[in-house]
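Me: I'd like to learn how to read a model like this one, feature by feature. Can you walk me through it?

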Amino acid sequence: MAVGKSVQRKDGVAKVTGKARYTDDFSMPGMRVAKYLRSPIAHGRVVRIDTTRAEKLPGVDGVFTFHDVPKNTFATAGHPFSLDPEHGDVADRLLLTDCARFQGDEVAVVVTRDDMTAHKALSLIEVEYENLKPLIRMQDVLAHDAPELHKRSRNLIKEHAYTVGGDYKKAIEESDHLIEGVFETQIVQHCHLENHSSYAYMDDMDRIVIVSSTQIPHIARRIVSEALNFPLSRIRVIKPHIGGGFGNKQDVILEPMVAFLTLKLGGIPIRLKLNREECMVGTRVRHPLHIQVKAGISQEGNLNVIDYDAVSNTGAYASHGHSIVSAAAAKTHYMYPRAIYRCRARTIYGNFPSAGAMRGYGSPQIIFAVESLMEDAARKLGIDSVDFRLKNAVKPGDINQIGKRPIVTAGLIECIEKGRDLIDWDKKRATLQTPQTGPVRKGLGIACFSYLSGTYPSCVEPASARLILNQDGSVNLLVGATEIGQGSDTVFAQMTAETLGTSYEKVHVVSNQDTDVTPFDSGAYASRQTYVTGQAVMRAASELKDKILAYAGVITGMNPGELDIDEGNIVIAKSRQTAVMSLKDLSMDAYYNKNRGGQITSEVSCKALTNAPSYGCTVVDLEIDIPMCKVKINEIYNIHDAGVIINPLTSEGQIHGGMAMGIGAALFEVLMVDPDSGRIYNNNMLDYKVPTIMDIPGLGSGFVQTHEPTHPYGSKSLGEPPVLTPAPAIRNAILDATGIAINELPMNPKTLFTHFKNAGLL
Amino acid sequence: MFDFESYHKAESVDEAIALLAQNPKSIPLAGGTDVLVRLHQHHQDYRHVVDIHGLKELKEISKNPNGVIRIGSGVTFTTLTEHPLITGNIPVLAQGASSVGGPQVRNVGTVGGNICNGAPSADSAAPLLILNATVVLKGTQGQREIPLHEFYQGPGKVDRMESEILTSIVIAPENYQCWFAKYHKYAMRDAMDIATIGCAGACNIEGGLVNQLRLAYTVAGPTPLRCWKTEQIAKGAKADESLLELVKSSVLKDLRPRDSWRASKDFRQHVIQTLAQRVLQAILNQCGEVKP
Ligand SMILES: Cc1cc2nc3c(=O)[nH]c(=O)nc-3n(C[C@H](O)[C@H](O)[C@H](O)COP(=O)(O)OP(=O)(O)OC[C@H]3O[C@@H](n4cnc5c(N)ncnc54)[C@H](O)[C@@H]3O)c2cc1C
């Protein structure tokens, strides 16, 4: 049995010994470097650009501007293709632009023999801009006379509104209390260790090979094809090891450009890699949201209505655009499904770096607003925060109001109870006097979440797996799903071992995807791979098993139905100690017997036609030094219902990483953009305060293991959910300690200072 | 890749001085933790380098029989944090050194580089200011010794002539014996951060009264600054909680914190006052005059 065990990660040793090869670890003879010329202003048109001096510099192979690139706009979001044109992503991007839409926009690119020459060549390009008014604030973007960032867009990408679950007006009228709040979330950046990097070359005159740090090799291939008007089958995308992505590599950022450049320059290998400063503005960020929330509640504390109106700002280019806020709004309904939901959401443009996918995909923002408001509601009614949530939390059998489907597994109530007990909530609550006085005050906070395990039915959910029995009885597993650090290769190997009846060590996962070789899968996003790709892996493993047993029947003359595989041996199912033959002997026969057999393989490509909500909460105990404007977390736990846990250790690692990221967004991080000029102040690791190991408290986690029937091993999502609730839990604990509701992020010392001062605490 | 125009590795301080004199555009490179950041940004003023990294004659820490402590400019933060002459006599400097960056930066960054860089945020500056440290400079014109607070001239500007090397920092016994001192770095993170405000204080107390107070801040003006007025006012004051209020009400008069996107002026002023109280409280706790 391999599922449920904390086996060692497949890539663990390679990574800690430095053996794992990332995109930048490969080089080719004659490789050139490409570098972007980035706009120094946030909004303006290029009225003159002169590249002649740069072109003459020795060591320069090419300089390209807006004039040289294909004139068809393309969409960059890493979504699978949508057959419904209405559902497609917004195509608003060119390879290079003559209109700067954020400070850092890509105006030209040079290809040179080395970095230094690239730097010099860039300094020799002369550009004149006509300045336009930068639009950063929501009211500026939506003003009547605002210039349009993209023609005929009115600066609005999309909007939608709906009410589900019953009669909204009636429910509002019947509510004893209406609670309202306005919440602002900030721009944060993924800060994955490995910056974006890609290179491309042509290995004959027909085909472009792209090696890239991407979460989505198969989607990247299609988008490059669209961007360059180049046949998809003549593009090959290879994904080596990846140093983190968190959604920022679920977008096609460098691949079209490197493909374009190698195509232009006769197929020479060209590398385009961003440094940290570029990566923080020239890739993607998290959408800042402005959210108005209203809740209608009965005197007994029943949540009748949740109503939110969200404006999401996607920055300079659409990228994932409106999908972010609409997915997040939809996923939140699984938490309190007995309430009526009204939702209105708009996504607008603005002159700052493009916002795209980032761990949680809009849910951290929406959940910050909703769970903060739930806290305000509980307090207004005088109900304990935990009890209020227990009263309203989802129960198995509740109906999700959007899809009108019953919710099968829902361990939210157990998660809340477990969190309450782990942090000793009741005892601590009893000892905290209210209101508190003195410079250091303590608080308890909780926040809950719901999430999904993929994107179905909003998007197609394809997955494929290929298994090959090797001569020595081990198996190779090829998947189109990508390992990006989250541990998917490891759990796929566990699933394979479990179903096949072999040991985990005997499953080798081909970790690097290559669109010429690996079967189709849309990649790492939406916490989908364990749930969606897991279904293909299970089916491929059971198909392989059937084929192996059938061949064992051929060799032995026994009935395959009476045989099984156990720890690498073919055994009699009813007396498992009796080994008929080893997998190795069987495989050698299949490969080399002159008269029968052949390589034993299986291949499954399927689509997930289900989706399963996962649940959980954060509970936190913290204290605040008011004069110092600093928060100290004493204890914090994340409890997850992610179904059956395939690997407890890597799951815990995933939770710790997500919690740290959530704490970062709660207390530290913000990419600062000047609202007047669009200047970006802090696109570096000194001024962008991603927390260090010294800033992260001890992290606790717990599981409530439900058994999700739509998944072959009972599992649900765990990749993104850990990041969802630390911020609202911390906000609620600060409110508990100080009586001050901070409805904006991050709650860093500067923000706390302003709030404490306004409240007369300082 | 760095865009050097010239690079020389000096084998001695004298050779470094000669090299610097030959090329007025050149600058010394010690640990390189400031210089390499500039080179990475292709800064124009950092293209000619005289490398003094690792010079033995700059790496010594000593204390003479009179109690004079001499710290070579090439001493790293890690050494400052761990060296018994520092931790035993002037632990406030070890506090400053240990608050710098992270272990890697502390292993190469030097106290000389920290001072010569002229940053208003230098974490060794406030402790050295309240220790009344003097700096020793050697150049083609010979050797000179000046008080640290005079060495600082403006943001990023220090009183160093082109050929000069800062060789050592000197602390006289009357500036640490019978003193209690404390450094507090206030930053947005607990590691890998520059100070929002840094505060070092020292007190010399006799019979429950403040004989002398010294207070210095970083990031509270164009250079690290001493609080001369407040120090005057505190002379003879009672060494109890009333001192905290006294200092709090005076300290802003000595300082000129900036309003910037990194932190607003009123926030910095608030932190300055809060740190004054916290640092003094810690000092009073140390000398046992006030019970915690
Ligand atoms: C990641 C990181 C984190 C950091 N964190 C902090 C922090 O928390 N606190 C802090 O104060 N600083 C911090 N710094 C800045 C830096 O580490 C310090 O200023 C350090 O003391 C510089 O010393 P160095 O030996 O590396 O100087 P270098 O970079 O070699 O030199 C700095 C300057 O001083 C000059 N110089 C050096 N030595 C001499 C000499 N003997 N005589 C004359 N001139 C000389 C150089 O010409 C240069 O102008 C950080 C830097 C980095 C990269």
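Me: Let's start with a helix. Which residues of helix 19 of chain A are buried?

Reply: First, keep in mind that this is a predicted model. For burial, look at relative accessible area: under 20% counts as buried. In helix 19 of chain A, residues 749–758, that picks out Pro749(A), Thr751(A), Leu752(A), Phe753(A), His755(A) and Phe756(A).

Me: Why would residues a few places apart in a helix point the same way?

Reply: An α-helix has 3.6 residues a turn, so residues three or four places apart end up pointing the same way. Here, Leu752(A), His755(A) and Phe756(A) are among the buried ones.

Me: What do the buried residues of helix 19 of chain A pack against?

Reply: Partners from both chains. Within chain A they pack against strand 27 (614–625), strand 28 (630–641) and helix 18 (726–738), and from chain B they meet strand 11 and helix 12. Just after helix 19, Gly760(A) takes a positive phi of about 80°.

Me: That brings in chain B. How many residues does each chain put into the contact?

Reply: Chain B gives 24 residues and chain A gives 31. Together they bury about 2,500 Å², with 62% of that on carbon and sulfur atoms. On the chain B side, Met188(B), Arg189(B) and Trp261(B) lose the most area to chain A, together 30% of what that side buries.

Me: What about charges: how many salt bridges cross the interface of chain B and chain A?

Reply: The rule finds 5. For a salt bridge, check how far a side-chain nitrogen of Lys or Arg is from a carboxyl oxygen of Asp or Glu; the cut-off is 4 Å. Lys120(A) and Asp3(B) make one, with their closest N and O atoms 3.8 Å apart. There are also 14 residue pairs in polar contact between the two chains, counting pairs with both residues at pLDDT 80 or more.

Me: Which element of chain B gives the most to the side that touches chain A?

Reply: Strand 11 (180–186) and helix 12 (265–287) each supply at least two residues there, and helix 12 gives the most, with 6 residues. By class, that side of chain B has 12 nonpolar, 5 polar and 7 charged residues.

Me: Now inside chain A. Which domains is it divided into?

Reply: Follow the ranges, as a domain can be written in two pieces. Domain 1 is 12–16 + 457–607, domain 2 is 31–132, and domain 3 is 363–453 + 612–758. The C-alpha centres of domains 1 and 3 of chain A lie 39 Å apart. Their contact takes 17 residues from domain 1 and 20 from domain 3.

Me: How much area is buried between domain 1 and domain 3 of chain A?

Reply: About 1,300 Å², with carbon and sulfur atoms giving 57%. Gln494(A), Ser527(A) and Tyr531(A) supply 43% of the area domain 1 buries there, more than any other three residues. The rule finds 0 salt bridges across this interface, but 8 residue pairs are in polar contact, both residues at pLDDT 80 or more.

Me: One last residue: is His241(A) buried or exposed?

Reply: Compare its accessibility with the 20% cut-off. His241(A) counts as buried because its relative accessibility is 12%. His241(A) sits in the loop between strand 11 (235–239) and helix 7 (255–264) of chain A, and its contacts include Asp11(A), Tyr22(A), Glu194(A) and Asn512(A).

Methods: Residues are numbered from 1 along each chain as its sequence is written. Chains are lettered from A and ligands numbered from 1 in the order in which they are written. This is a predicted model: local features need pLDDT of at least 70, side-chain atom pairs count only at pLDDT 80 or more; totals for chains, interfaces and linings use all residues. Side-chain values use heavy atoms; hydrogens and water are left out. Contact means heavy atoms within 4.5 Å. Buried area is the accessible area (1.4 Å probe) that two parts lose on being put together, summed over both. A polar contact is a pair of N or O atoms within 3.5 Å; within protein, one must be able to donate a hydrogen and the other to accept it, and residues adjacent in sequence count only if both atoms are side-chain atoms. Helices (H or I, at least four residues) and strands (E, at least two) are DSSP runs, numbered from the N terminus. Ala, Val, Leu, Ile, Met, Phe, Trp, Tyr, Cys and Pro count as nonpolar, Asp, Glu, Lys and Arg as charged, and the others, Gly among them, as polar. Domain bounds come from an automatic or database domain assignment. Buried means under 20% relative accessible area, exposed over 50%, partly exposed in between (1.4 Å probe, protein chains only).
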